[in-house]
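Colleague: Got a minute to go through this one with me? I'd like to start with the DNA and then look at how the chains meet.
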2 protein chains.
Amino acid sequence: MPKKRILPFIILGIINNRPHITGREITAEFETEIGDFWRASHSQIYPELKRMVNDGWIVASTSQENAKERYYQITSEGQEVLNHWLDQLVTDLPIHEDLFSLKLFFIKDQNDDRIPQLINRQRSLLEKELKYLQQRLTLVFPNKDAIKKNYGHYLILTRAISRTKGQIEWLKEIEE
Amino acid sequence: MPKKRILPFIILGIINNRPHITGREITAEFETEIGDFWRASHSQIYPELKRMVNDGWIVASTSQENAKERYYQITSEGQEVLNHWLDQLVTDLPIHEDLFSLKLFFIKDQNDDRIPQLINRQRSLLEKELKYLQQRLTLVFPNKDAIKKNYGHYLILTRAISRTKGQIEWLKEIEE
DNA sequence: GCACACATGTAATATGTTACATGATTTA
DNA sequence: TAAATCATGTAACATATTACATGTGTGC
């Protein structure tokens, strides 16, 4: 789905947060923090980085230590681009490409065995996710100072926790 | 994002729910009920329908009334395919390609003006969505019999409402 | 020096969107 | 009968995944 070129802005934000980052490390970010909101594999990221260097949003450098590694920095132009993107208000709610809902949607009979099966699975997935998120929260934000330094990140983590809890609660309710 | 061929199963489910449906009506389904969980445009749907006829999942027919319209029916093979898909348990939680979270993630400063701006916008989008969902609920499920006849659909609608309310509550909390 | 993880990159393919195109049916 | 909407279809392009490919650094 060719959305409106979100990926470069995400990469820009990552580089802005962590100067001197490598492509591999950027890739890793999509497997942890960002991973809940966006996915991208290295085969998407490397060409994108090239384009961004080309457009003057970032600059690359190498070191003697590691011949292959390339370190990226955001440029002032990149800063502008990032800020301009952040300034734009969101116009639409995201859609939830959610197989759980989708499958339920097609099951008509209240007594269909697959309903409790889907629900149980969903609940266990959500409980695992909740544990992970809570662990991240204590790990990344051990004190108030950490929260202060990365407030937006803190917000979305607590939001994800709240949302996950809510979904689990809902599942518990209908199980009865 | 080339996911694992979800679209044909969705279309199959739609045709199963509404025999004698046309391609245009299938397209319309993605703008109402299904639209919260999956999007597809007609340029994706028509070729897909062709493939599905070719694979024997559905059959097409025409009528004298309207020369262009093609009416689709699910075959017994299609029924099997659909049921097999519904039988498969979901293995992963969906990711939320959510610009709101993404943008917040990149804002570090607690006093950044853009945080309340993003939050206000999100709240108004969610409140609009909530109204729409509640309206759908009373419209599609006016009585208990309607619920009984389409239980899965009922579940995901109430789930969407619960989720939306939860998100609004969370936004209210942090606004203080 | 061999295995394994690191680090980057490309190619083939699948999927999705936007724009273009054409004719049929309905309605004023 | 002209305009709008219905109904289907295709083409060009954008985006994303999987698989392939290649060399580097590190630990044993």
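Modeller: Sure, we'll take the DNA surface, then the chain interface, then a few single residues.

Modeller: Before that, this is a predicted model, where local features need pLDDT of at least 70, side-chain atom pairs count only at pLDDT 80 or more, and totals for chains, interfaces and linings use all residues. Residues are numbered from 1 along each chain as its sequence is written, chains are lettered from A and ligands numbered from 1 in the order in which they are written, and side-chain values use heavy atoms, with hydrogens and water left out.

Colleague: OK. How many residues surround DNA strand C, and which are the closest?

Modeller: 25 residues surround DNA strand C. The closest are Arg24(A), His42(A) and Glu69(A), plus Ser43(B) and Gln44(B) from the other chain. Near here means that a heavy atom of the residue lies within 4 Å of the strand.

Colleague: And which part of DNA strand C is within 4 Å of the protein, sugar or phosphate, or bases?

Modeller: Sugar or phosphate accounts for 68% of those strand C atoms, and bases make up the rest.

Colleague: Which atom of Arg24(A) lies by a phosphate oxygen?

Modeller: That's a backbone N or O atom of Arg24(A), 2.6 Å from a phosphate oxygen of DNA strand C. Arg5(B) uses its side chain instead, with an N or O atom 3.1 Å from a phosphate oxygen of the strand. For a base, look at Ser43(B): a polar side-chain atom there sits 2.6 Å from a base oxygen.

Colleague: Which helices supply that surface?

Modeller: Helix 2 (23–29) and helix 3 (42–54) of chain A, and helix 3 (42–54) of chain B, supply at least two residues each. Helix 3 of chain A has the largest share, with four residues. Helices here are DSSP runs of H or I, at least four residues long, strands are E runs of at least two, and both are numbered from the N terminus.

Colleague: What's the mix of residue classes in the surface near DNA strand C?

Modeller: Seven nonpolar, nine polar and nine charged. Ala, Val, Leu, Ile, Met, Phe, Trp, Tyr, Cys and Pro count as nonpolar, Asp, Glu, Lys and Arg as charged, and the others, Gly among them, as polar.

Colleague: Switching topic: how many residues does each chain put into the contact?

Modeller: 66 residues from chain A and 66 residues from chain B, with contact meaning heavy atoms within 4.5 Å. The two chains bury about 7200 Å² between them, and 66% of that is on carbon and sulfur atoms. Buried area is the accessible area (1.4 Å probe) that two parts lose on being put together, summed over both. On the chain A side, Phe105(A), Phe106(A) and Arg159(A) lose the most area to chain B, together 12% of what that side buries.

Colleague: How many salt bridges are there across the interface?

Modeller: Four, taking a salt bridge as a side-chain nitrogen of Lys or Arg within 4 Å of a carboxyl oxygen of Asp or Glu. One of them pairs Arg114(A) with Asp87(B), at 3.2 Å from N to O.

Colleague: Which helix of chain A gives the most to the side that touches chain B?

Modeller: Helix 8, with 12 residues. By class, that side of chain A has 31 nonpolar, 17 polar and 18 charged residues.

Colleague: Where does Gln167(B) sit, and is its side chain in a polar contact with anything?

Modeller: Gln167(B) is in helix 8 (residues 151–175) of chain B. The side chains of Gln167(B) and Arg159(A) are joined by a polar contact of 2.8 Å. In general a polar contact is a pair of N or O atoms within 3.5 Å; within protein, one must be able to donate a hydrogen and the other to accept it, and residues adjacent in sequence count only if both atoms are side-chain atoms.

Colleague: Is Gln167(B) buried or exposed?

Modeller: Gln167(B) counts as buried, because its relative accessibility is 11%. Buried means under 20% relative accessible area, exposed over 50%, and partly exposed in between (1.4 Å probe, protein chains only).

Colleague: Back to Arg5(B): what is its phi?

Modeller: Positive, about 45 degrees, although Arg5(B) is not a glycine. Most residues other than glycine have a negative phi. Arg5(B) is in the segment before helix 1 (7–17) of chain B and is partly exposed, at 40% relative accessibility. His20(B) also has a positive phi, of about 70 degrees, and lies in the loop between helix 1 and strand 1 (21–22) of chain B.

Colleague: Last one: why is helix 1 of chain A largely enclosed?

Modeller: Because nine of its 11 residues are buried, including Leu7(A), Phe9(A) and Ile15(A).
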